[in-house]
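Student: I've got a new protein model open and I'd like to find my way around it. Can we go through it together?

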Amino acid sequence: MWAFQALQPVQQPPPYHQIHSQKHQTTRVFSRHQTSIAISPSTNNNHLIQSLCKKGNLKQALHVLSQEPNPTQHTYELLILSCAQQNSLSDGVIVHRQLISDGFDEDPFLATKLINMYSELDCVDHARKVFDGILNRTIYVWNAFFRALTLAGHGEEVLNHYRRMNLIGIPSDRFTYTYVLKACVASEALVSLLQVGKEIHAHILRHGFETHVHIMTTLVDMYARFGCVSYASCVFNEMPVKNVVSWSAMIACYAKNGRPFEALELFREMMLETHDLVPNSVTMVSVLQACAALAALEQGKLIHGYILRKGLDSILPVISALVTMYARCGELGLGRRVFDQMDKRDVVSWNSMISSYGIHGFGREAITTFKEMIYSGFSPSPISLVSVLGACSHAGFVEEGKVLFESMAKEHRIYPGVEHYACMVDLLGRANRLDEAAKVIENMRIEPGPKVWGSLLGSCRIHCNVELAEWASRRLFELEPTNAGNYVLLADIYAEAKMLDEVKRLKKLVQAQGLQKVSGRSWIEVERKIFSFTSVDEFNPQIEQLHALLLKLSAEMKEKGYVPQTKVVLYDLDEKEKEQIVLGHSEKLAVAFGLINSNKRATIRITKNLRLCEDCHSFTKLISKLANREILVRDVNRFHHFKDGVCSCGDYW
Ligand code: ZN
Ligand code: ZN
């Protein structure tokens, strides 16, 4: 949940009838009766309509309106509110028509109310007509229109009107800035709008709004959405006053943009520095997401305790995040317990549970939970389908996955998106039904995109299919020319097929373009502290000790038949040097660190930012037996639960 998805403020214009009452009374009387004799409003009928509106009796109110020659502005205000509350577009249109014939068509106060009403009734076209039809636009009308367009996702239109507004010299107020910043991210074309967002940032500074908490927090949110973490943190650090929403926005920015360490650090800072601020649900969801990303179980448990103490345990997004946190920290059972204790659930909580089963490889349970969700009366969301299809893929349930995929449009009216197709290609590809996977891609009604092609290439690596791998990588190289990972995967496939000239050609290509592989990184939590490892970790104070332990273990394993698998090393080195490189992989360092520093009986929990390589996988299996320790590794795809020399994935990942 993004911080700024919290309810947007609805701007309240000043009571227009107080400022303009004399003017509009005259206009109204002239336009309706074409006479200069002012008719005083029939107080009784107006009063009756207003009371009926307040009581929710809209139909009767409309009946009295049809007999009332002089409805007042306040009467119309209440009628419009009532139509919005009762979600009645047809009545709203009747009131709107009557209001025009009564001469209120130039009343900016009522125009604002009408725009808000149409926005709430999801009818942005009608809101646009109200805006276009009024000449006397005060800032309130503009703001209401901006809000309506932003909520309807027409970000670019807001920005076009904003430019017009600036050209004709109407000064923005604090609400305008909030809406236009939100408009920047309410559009599909995110990249092009970042520049516009920066320009609005400059306007805000130029017009002296930099001390305004709400605007600056919206700026933090906007930069977070664009993934510009450093811009967001600059704005945040410069804010003279920060409230809980600002802190939460920055914590969410870190959590959503792959910076979980910083998210937890900032949360700690917030708790230490601000004694009067109480974290809200957005804060807690982001902090739990950070714990989940790092598999920081102990910290996650502390946060759970805090949530219970502060009574935040009835907020659905918080509990769903708890379910996910426990599951992603390897404690699927605890996640299930939290899920079972929920008084009420929404689709998000069901999805959390389904995907939790998925990453642990429990396909059967994921499908059962998906069916339970539907049985309980919930319509699945596109994410539910991604979760359950992903679970089928991890468990190798091809037929079940195909049935679910077929049911999407037929039963649930969800048309498969790129994510769903990627799941299907992965499911069929892993099961060595690569031709079927290719056929799925050929029959796609949307552009496949890198995710789908990447799934196919990944499966080609598992089953060493050179022909299809070349087909997939040709498209991938076009779509992601700078992603070194794709070149490495193809080189891997060539190496497996003993096509060494091709391997050399690819390596040269990667070197010539100066492409860098994403470097492997692993994390481990020991004594409530998170330790991070990369493959070349000279700065770790224990590095020599870790290397010595790994060498010793490797020697012992070799005696029992372990052969290091070094094909992931793409450099021209001799076998000994290659062995040294794979022995220094970040997850092995993390395992060694866990063996040395944690309680002898505690489960070792590790997170890895990439897919676990074959060598690390077989090495960890053997360690779990040699050292008699349970080891949980969550790689980018799923969980591996190593125990007694075997892994829960059944070597299928
Ligand atoms: Zn490895
Ligand atoms: Zn495994």
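Tutor: Sure, and one bit of vocabulary before we start. Ala, Val, Leu, Ile, Met, Phe, Trp, Tyr, Cys and Pro count as nonpolar, Asp, Glu, Lys and Arg as charged, and the others, Gly among them, as polar. Keep in mind too that this is a predicted model.

Student: Okay, let's use that. How do the residues lining the second largest cavity divide into nonpolar, polar and charged?

Tutor: That cavity has a volume of about 40 Å³. Its lining is made of Gln565, Lys567, Val568, Cys613, Glu614 and Asp615. Val and Cys are on the nonpolar list, while Lys, Glu and Asp are on the charged one. So, by that grouping, the lining divides into 2 nonpolar, 1 polar and 3 charged.

Student: What about the second largest pocket: which helix gives the most to its lining?

Tutor: The pocket holds about 480 Å³ of space, and 17 residues line it, with Phe405, Glu406, Pro416, Tyr421 and Asn443 nearest its centre. Helix H23 (398–412), helix H24 (418–430) and helix H25 (434–442) each give two or more residues to this lining. The one giving the most, with 6 residues, is H23.

Student: Zooming out, how many helices and strands are there in the protein?

Tutor: The C-alpha trace spans about 110 × 55 × 50 Å along its principal axes. Of the 653 residues, 52% count as buried. As for the elements you asked about, the protein has 33 helices and 6 strands.

Student: In what order do the strands sit in the sheet?

Tutor: Start from the edges: strand E2 (529–534) and strand E6 (646–647) each pair on one side only. Inside the sheet, strand E3 (residues 604–608) and strand E4 (residues 631–634) are parallel partners over 4 bridges, with Arg605 opposite Leu632 in E4. The sheet is open with mixed pairing, and its order is E2-E1-E3-E4-E5-E6.

Student: Which residue in the turn between E1 and E2 has a positive phi?

Tutor: Strand E1 (residues 521–526) runs antiparallel to E2, and 6 bridges join them. One bridge puts Ser522 across from Phe533 in E2. The two strands form a hairpin with 2 residues between them, and the turn residue with a positive phi, about 50°, is Glu527.

Student: Now the inside. Which helix gives the most residues to the largest nonpolar core?

Tutor: In soluble globular proteins, nonpolar side chains tend to be buried together. Here the largest nonpolar core has 170 residues, and Leu79, Ile115, Ile200, Ile204 and Leu456 touch the most other members. The top giver, with 9 residues, is helix H18 (residues 316–328).

Student: Which residues are included in the second, separate core?

Tutor: This other core has 30 residues. Phe533, which we met opposite Ser522, is one of its members. The core includes Val526, Phe533, Leu583 and Ile606.

Student: Last one: is Gly561 buried or exposed?

Tutor: Gly561 is in the loop between helix H30 (543–559) and helix H31 (575–583). Its C-alpha is 73 Å from that of Gln85, and the two are 476 residues apart in sequence. A residue counts as exposed when its relative accessible area is over 50%. Gly561 has 53%, so it is exposed.

Terms used: Residues are numbered from 1 along each chain as its sequence is written. Chains are lettered from A and ligands numbered from 1 in the order in which they are written. This is a predicted model: local features need pLDDT of at least 70, side-chain atom pairs count only at pLDDT 80 or more; totals for chains, interfaces and linings use all residues. Side-chain values use heavy atoms; hydrogens and water are left out. A nonpolar core is a set of buried Ala, Val, Leu, Ile, Met, Phe, Trp, Tyr and Cys residues joined through side-chain atoms within 4.5 Å. Buried means under 20% relative accessible area, exposed over 50%, partly exposed in between (1.4 Å probe, protein chains only). Two strands pair if DSSP finds at least two bridges between them. On a 1 Å grid over the protein atoms alone, a cavity is a set of points where a 1.4 Å probe fits but cannot get out, and a pocket is an open set with protein on both sides within 12 Å along at least five of seven lines; lining residues have an atom within 4 Å of a point. Grid points are joined across faces, edges and corners, and a volume is the space filled by probe spheres set on the points.
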